[in-house]
Amino acid sequence: MKISRLILPPLDNNCYILKLDDECIIIDPASNYAEIINEINDKKIVGVIVTHYHFDHIGALNNFDENLIYDINNLKEGVNTIGKFSFEVIYTPGHKEDSITIYFKGEEVMFTGDFLFKNGVGRTDLPGGNVTDMVNSLNKIKNYNNNIKIYPGHGDYTYLKDEVINIR
């Protein structure tokens with residue numbers, strides 16, 4: 001699987017394009033539909049995953065076929081498959097009640113939206129945020145392999161082992 005990152009407005013959001021053979025999945029289409037499509041090139045879009053519904057993560061969402069959109073409402077917690085992609089969905093509320101984390105075990109990569117960042121965790125003071133939920137979600141995630149590479153919704157990637165110190 002090849003992972004590309006686009007840094008898009010309005011808040012320097014990370015939009016990820018995952019490519020596998022002739023298919024791709026888009027994670028958090030923040031904005032700039034044309035740039036996303038240009039990055040996809042000739043791959044077939046099999047899914048668009050929303051880690052949570054804050055405005056800065058979904059600006060280009062309306063440009064995609066609604067049958068290709070996946071989120072907490074149609075992804076079960078546990079193993080899911082979209083096209084050739086198989087991954088685990090982890091419900092991680094705290095930053096927002098609809099926050100999910102996407103984990104590709106074979107590649108040891110995790111897409112955390114605004115739940116977990118390099119050197120920090122997501123805010124809980126915005127609408128939908130909840131400190132207790134965040135603590136519970138962080139406790140859940142710290143049980144995963146420490147070598148997992150974390151791809152957050154903003155900023156640079158990190159590794160779970162480097163962020164465990166933020167999980168109290």
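Hi everyone, let's start with a hole. The largest pocket in this structure has a volume of about 150 Å³. Before we go in, please keep in mind that this is a predicted model.

So, who lines that pocket? The residues around it are L11, H54, F55, D56, H95, D114, F117, G122, R123, L126 and H154. Sorted by class, the lining of this largest pocket has 4 nonpolar, 4 polar and 3 charged residues. And how do you find such a place at all? Rolling a probe the size of a water molecule over the atoms shows where empty space is left.

Now let's move to the aromatic rings. A pair of aromatic rings is described by the distance of the centres and the angle of the planes. In this model, the count comes to 9 aromatic pairs. Take F104 and F111: their ring centres are 6.1 Å apart and their planes stand at 90 degrees, so this pair is edge-to-face. Are these two buried or exposed? F104 is buried, with a relative accessible area of 2%, and F111 is buried too, at 1%.

F111 has another ring partner, Y151. The centres of F111 and Y151 are 5.1 Å apart and the planes are at 15 degrees, so here we call the pair stacked. What I like is that this pair links distant parts of the chain: F111 sits in strand β9 (residues 109-113) and Y151 in strand β12 (residues 149-152), 40 residues apart. Y151 also counts as buried, at 12% relative accessibility.

If you follow the ring pairs along, they link Y16, F87, F104, F111, Y151, Y157 and Y159 into a cluster. Two lysines come into the picture here. K149 lies over the face of Y157, at 3.9 Å from the ring centre, and K161 lies over the face of Y159, at 5.7 Å from the ring centre.

Next, have a look at strand β8, residues 100-104, where F104 belongs. How many of the residues of β8 are buried? The count is 5 of the 5, so the strand is largely enclosed by the rest of the structure. From β8, I100, I102 and F104 point one way, while T101 and Y103 point the other way, and all are buried.

Who are the neighbours of β8? Strand β7 (residues 85-91) is joined to β8 by 4 bridges, and the two run antiparallel. Look for E88, whose bridge partner in β8 is Y103. Strand β9 is joined to β8 by 3 bridges, again antiparallel. There you can find I102 standing opposite F111 in β9, the F111 we met in the ring pairs. The hairpin of β8 and β9 has 4 residues between the strands, and in this hairpin E108 takes a positive phi near 55 degrees.

Last stop: a sheet elsewhere in our tour. An open sheet of 5 strands has the order β1-β2-β3-β4-β5, with mixed pairing. Which strands stand at the edges? They are β1 (2-8) and β5 (69-70), each with a single partner strand, so one side of each is left without a neighbour in the sheet. The partner of β1 is easy to trace: 7 bridges join β1 to strand β2 (residues 13-20), and these two run antiparallel. If you want a place to begin, find K2, which stands opposite K19 in β2.

Thanks for listening, and do have a look around the model yourselves!

Note on methods
Residues are numbered from 1 along each chain as its sequence is written. This is a predicted model: local features need pLDDT of at least 70, side-chain atom pairs count only at pLDDT 80 or more; totals for chains, interfaces and linings use all residues. Side-chain values use heavy atoms; hydrogens and water are left out. Rings of Phe, Tyr and Trp (its six-membered ring) pair if their centres lie within 6.5 Å; planes under 30 degrees apart count as stacked, over 60 as edge-to-face and the rest as tilted. Buried means under 20% relative accessible area, exposed over 50%, partly exposed in between (1.4 Å probe, protein chains only). A charge sits over a ring if NZ of Lys or CZ of Arg is within 6 Å of the ring centre and within 35 degrees of the ring normal. On a 1 Å grid over the protein atoms alone, a cavity is a set of points where a 1.4 Å probe fits but cannot get out, and a pocket is an open set with protein on both sides within 12 Å along at least five of seven lines; lining residues have an atom within 4 Å of a point. Grid points are joined across faces, edges and corners, and a volume is the space filled by probe spheres set on the points. Ala, Val, Leu, Ile, Met, Phe, Trp, Tyr, Cys and Pro count as nonpolar, Asp, Glu, Lys and Arg as charged, and the others, Gly among them, as polar. Two strands pair if DSSP finds at least two bridges between them.
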